[in-house]
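Work through the exercises below with the model open. Try each task before you read its solution.

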Amino acid sequence: MINAKAFSKWTLAGITAATLVACGGSEQSSSTETQAAAPAKQETIEWKMVTTWPKNFPGLGTGAENLANNITEMSGGRLKVKVYAAGELVPPLEVFDAVSRGTAQMGHGAAYYWKGKAPAAQFFTAVPFGMTAQEINSWIYHGGGMKLWEEVYEPFNIKPLTAGNTGVQMGGWFNKEINSLEDFNGLKMRIPGLGGEVLEKLGGSPINLPGGEIFTALQTGTIDATEWVGPYNDLAFGLYKAAKYYYYPGWHEPGSEMELLVNKTAYEELPKDLQAIVRSASRQATQDMLDEFTALNNDALQTLVNEHNVDLRPFPEDVLKALKQASHETLEGVAANDEMSKKVYDSFKTFLGKVSQWHDVSERAYINARDAE
């Protein structure tokens, strides 16, 4: 409801303006006001987003598409983002360089793909026996992680943002049983990031392949095993056709963060409101992808087991214990050999210690109570 005082004020202003025009003394002022009231024609900015994912691949590829569409829609079409799948504009593992150079203004992928350029980058995707999705998002946005991530990418003229999370992944697809730690010795496995370094420590051969090449490599014997994501994505790739054993849990990737790479120069040239839209859309994409994987993984797992006769197995407890020890030694080694990695790992480790204490009396305690007989 409009109050009387405000109405009188607005009416008086209108009468005064009309009287001035009628008297012939403010025709120029009236013209100026009319021009000011007309909406200015706004510039349309067109950006490219390159990705590491196959075109329209469920969860990851569609996550990039949804993010681009949301930015375009939220900006009223002022910032239009066109997505290029892996290989359409640049090869999947050249996304980082493309954004750094400005060939594309955005990239969608995972930070551990770029550990050859900056070893500390891989801490922002997943750490073996590290944080879950809920925990790593809290560290990045409220525990100092984002500031460190920006510092890691600063030399490359890239601004990082989160753009999805898969939740806890599966342990992977294997063409032989894993009964002891020795079974990793000599194993050729597609496994990037810190998990790959753990495998190497155990005598295996980690291989970094983009998603679109995994099935063929596994089917032809180029690799003996692979991790990818989880049932929802693994079913879509048909990995059950190329390997017999499906192990869990994903000790190497307990909450894998996807990233939006933004060319920093291009980002800083945007108006402030469009910068805010990019940031907000990325946060929304992070939560939406996690929700999607959580909702669809179990149905896909039941399909793999019940319709495709996948042999679902847990890693033996002694193997998990040994993997945890090897992971700790690997992380300490990475931190000791790279100053920036040490800085990031120290922050990660400190935050994990704090959030674990809270989750002992919240998430873990509740789930244990809920599931008790």
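**Exercise 1.** Decide whether H108 is buried or exposed, and find what its side chain contacts.

*Solution.* This is a predicted model. Start with the area: H108 has a relative accessible area of 0%. Buried means under 20%, so H108 is buried. Next, place the residue: H108 lies in strand β3, residues 106-109. Now look at its partners. The side chains of H108 and W53 share a polar contact of 2.8 Å. The H108 side chain also reaches the backbone oxygen of A163, at 3.3 Å.

**Exercise 2.** Find the salt-bridge partner of K115 and say which parts the pair ties together.

*Solution.* Take the distance first: K115 and E197 form a salt bridge at 3.2 Å, N to O. Then locate both ends. K115 sits in the loop between β3 and α5, and E197 in helix α7, so the bridge ties together parts 82 residues apart in sequence. Last, check exposure. K115 is partly exposed at 29%, and E197 is partly exposed at 22%.

**Exercise 3.** Classify both partners of the salt bridge between K159 and E150 as buried or partly exposed.

*Solution.* The closest N and O atoms of K159 and E150 are 3.0 Å apart. K159 has a relative accessible area of 14%, so it is buried. E150, at 30%, counts as partly exposed.

**Exercise 4.** Trace the salt bridge between R313 and E177.

*Solution.* Their closest N and O atoms lie 2.7 Å apart. R313 is in strand β11 and E177 in the loop between β5 and β6, so the pair ties together parts 136 residues apart in sequence. Now extend the search: salt bridges with shared partners join E177, D311 and R313 into one network.

Technical notes. Residues numbered from 1 in each chain as written. Predicted model: local features only at pLDDT ≥ 70, side-chain atom pairs only at ≥ 80, totals over all residues. Heavy atoms only, no water. Helix = DSSP H or I, 4+ residues; strand = E, 2+ residues; numbered from the N terminus. Buried < 20%, exposed > 50% of the residue type's maximum accessible area, 1.4 Å probe, protein only. Polar contact = N/O pair within 3.5 Å; in protein donor to acceptor, adjacent residues only side chain to side chain. Salt bridge = Lys/Arg side-chain N within 4 Å of Asp/Glu carboxyl O.
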